[in-house]
Amino acid sequence: MKNKVDSIFVTKSFLPPISEFNKYLDRIWKSSYLTNQGPLLKEFEEKIKKYLDVENFHFVTNGTIALQIALRALDITEGEVITTPFSYVATTSSILWERCTPVFVDIEPNTFCIDANKIEKSITKNTKAIMAVHVFGYPCNVKKINKIATKYNLKVIYDAAHAFGVKYKGKSLLDYGDVSICSFHATKVFHTIEGGCLVAKSKTTSNKIDLIKRFGHYGDEHFSLGINGKASEFQAAMGLCNIKYVDQIIKKRKKIFSFYDKFLKGKFKRPKINKDSEYNYSYYPILFQHENQLLRGVKELNKNNIFPRRYFYPSLNKLPYVESKQSCPVSENIASKILCLPLFTELDINKVRIICDILTKIE
Ligand SMILES: *Cc1c(COP(=O)(O)O)cnc(C)c1O
């Protein structure tokens with residue numbers, strides 16, 4: 001077949017030159033310090049705080065534990081949490097894991113983020129918080145969400161797993177909400193193999209997070225219930241290597257993005273980038289007209305060894321273990337026809353062209 005290519009997946013993790021990682025490994029071997037807020041972790045936290053321009057920052061083992069710690073640190077241990085049905089499963093599962101009830105509010109068709117105009121009518125006397133997601137790095141309506149939260153005395157947690165490096169109105173998107181979390185998983189724009197972080201608005205919340213992430217004690221003094229969320233020196237080492245490349249990574253992704261835009265010739269509907277934001281080019285989702293067309297597109301791509309992903313599918317209010325009374329027609333509809341195309345630094349422009357040639361022919 002003319003277009004036959006080596007397998008291409010939706011993403012491929014960035015790896016720094018191995019010699020640079022080895023230098024950090026040497027330091028780990030010399031110090032025998034493997035984890036527990038070690039020297040590399042401290043160095044990494046300083047660098048990344050500067051890069052993101054945030055305070056009250058905590059590096060933890062993954063983005064999911066960050067969401068769980070966020071709920072705990074804000075004392076949300078029961079009741080309802082208003083959230084979005086259009087996200088990765090971790091957003092909903094972290095709420096359920098903390099024994100709270102997710103209440104789904106439908107999404108905006110243009111940004112795929114929770115529809116802030118629909119939040120108020122889902123608030124009850126049991127509502128404790130809003131957990132919204134900056135889907136694909138596109139900012140939520142943070143202003144409106146903040147206004148509602150203030151009016152009803154609710155906490156706001158942003159799952160900013162996709163939003164590394166995204167700025168909104170000149171400041172880091174991680175700076176919004178009572179707590180924002182990010183994921184540094186191997187598949188994300190910036191990674192530490194596994195990893196994640198929390199950014200807290202207040203020093204008080206930040207101190208609680210610090211305690212909770214290390215079993216709730218300092219030395220022999222125990223203060224609160226905690227868990228193990230500590231990231232290791234190896235994760236910090238990967239972070240120290242990758243932070244040097246992240247601007248290049250984002251730049252390269254931007255370039256691939258623009259080729260997709262060009263070659264797809266506007267055939268597919270795409271989310272709208274908020275003009276007040278500086279984007280990180282984390283995902284390239286396209287909307288088919290309906291699910292059957294999407295399935296035809298996926299089949300053709302698969303025949304050519306190209307494996308995009310149906311992000312996000314299914315709509316989370318449809319999970320088998322969720323007892324949701326809410327229907328979310330916009331999210332369910334978008335989930336049925338959205339596809340994320342391959343996007344990673346090593347992706348060759350010719351491959352982008354092949355992908356687009358296949359997709360523009362789908363009827
Ligand atoms: C990746 C992701 C998470 C989970 O992060 P991990 O680091 O993999 O635990 C949470 N929410 C969203 C939206 C994600 O994409």
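Trainee: In which sense do strand β9 (residues 179-183) and strand β10 (residues 196-200) pair?

Mentor: The model is predicted, so local features need pLDDT of at least 70 and side-chain atom pairs count only at pLDDT 80 or more, while totals for chains, interfaces and linings use all residues. Residues are numbered from 1 along each chain as its sequence is written, and side-chain values use heavy atoms, with hydrogens and water left out. Strands are DSSP runs of E with at least two residues, numbered from the N terminus, and two of them pair if DSSP finds at least two bridges between them. S183 stands opposite G196 in β10, and the 5 bridges between β9 and β10 are antiparallel.

Trainee: Which strands are the edge strands of the sheet?

Mentor: The sheet is open, has 7 strands with mixed pairing, and follows the order β2-β10-β9-β6-β5-β3-β4. An edge strand here pairs on one side only, and this applies to β2 (57-60) and β4 (101-104).

Trainee: What is the bridge partner of A132 in β6?

Mentor: Strand β5 (residues 127-133) runs parallel to β6, and 5 bridges join the two. In β6, the residue bridged to A132 is Y158.

Trainee: How many of the 5 residues of strand β6 (residues 155-159) are buried?

Mentor: A residue is buried under 20% relative accessible area, exposed over 50% and partly exposed in between, using a 1.4 Å probe and protein chains only. By that criterion β6 is mostly covered, and the number of its residues that are buried is 4.

Trainee: Is D357 partly exposed or buried, and why?

Mentor: D357 lies in helix α11 (residues 349-361), where a helix is a DSSP run of H or I with at least four residues. Because its relative accessibility is 35%, D357 counts as partly exposed.

Trainee: How are α3 and α6 oriented to each other?

Mentor: The axes, lines fitted to C-alpha atoms over the stretch in contact, give angles from 0 to 180 degrees between N-to-C directions. Those of helix α3 (residues 63-73) and helix α6 (residues 203-212) come within 9 Å and cross at roughly 125°. Angles under 35 degrees count as roughly parallel, over 145 as roughly antiparallel, 65 to 115 as roughly perpendicular and the rest as oblique. The two helices, α3 and α6, are therefore oblique.

Trainee: Which residues in α6 do I69, R72 and A73 in α3 meet?

Mentor: Contact means heavy atoms within 4.5 Å. On this basis, the three named residues of α3 meet, in α6, T205, K208, I209 and I212.
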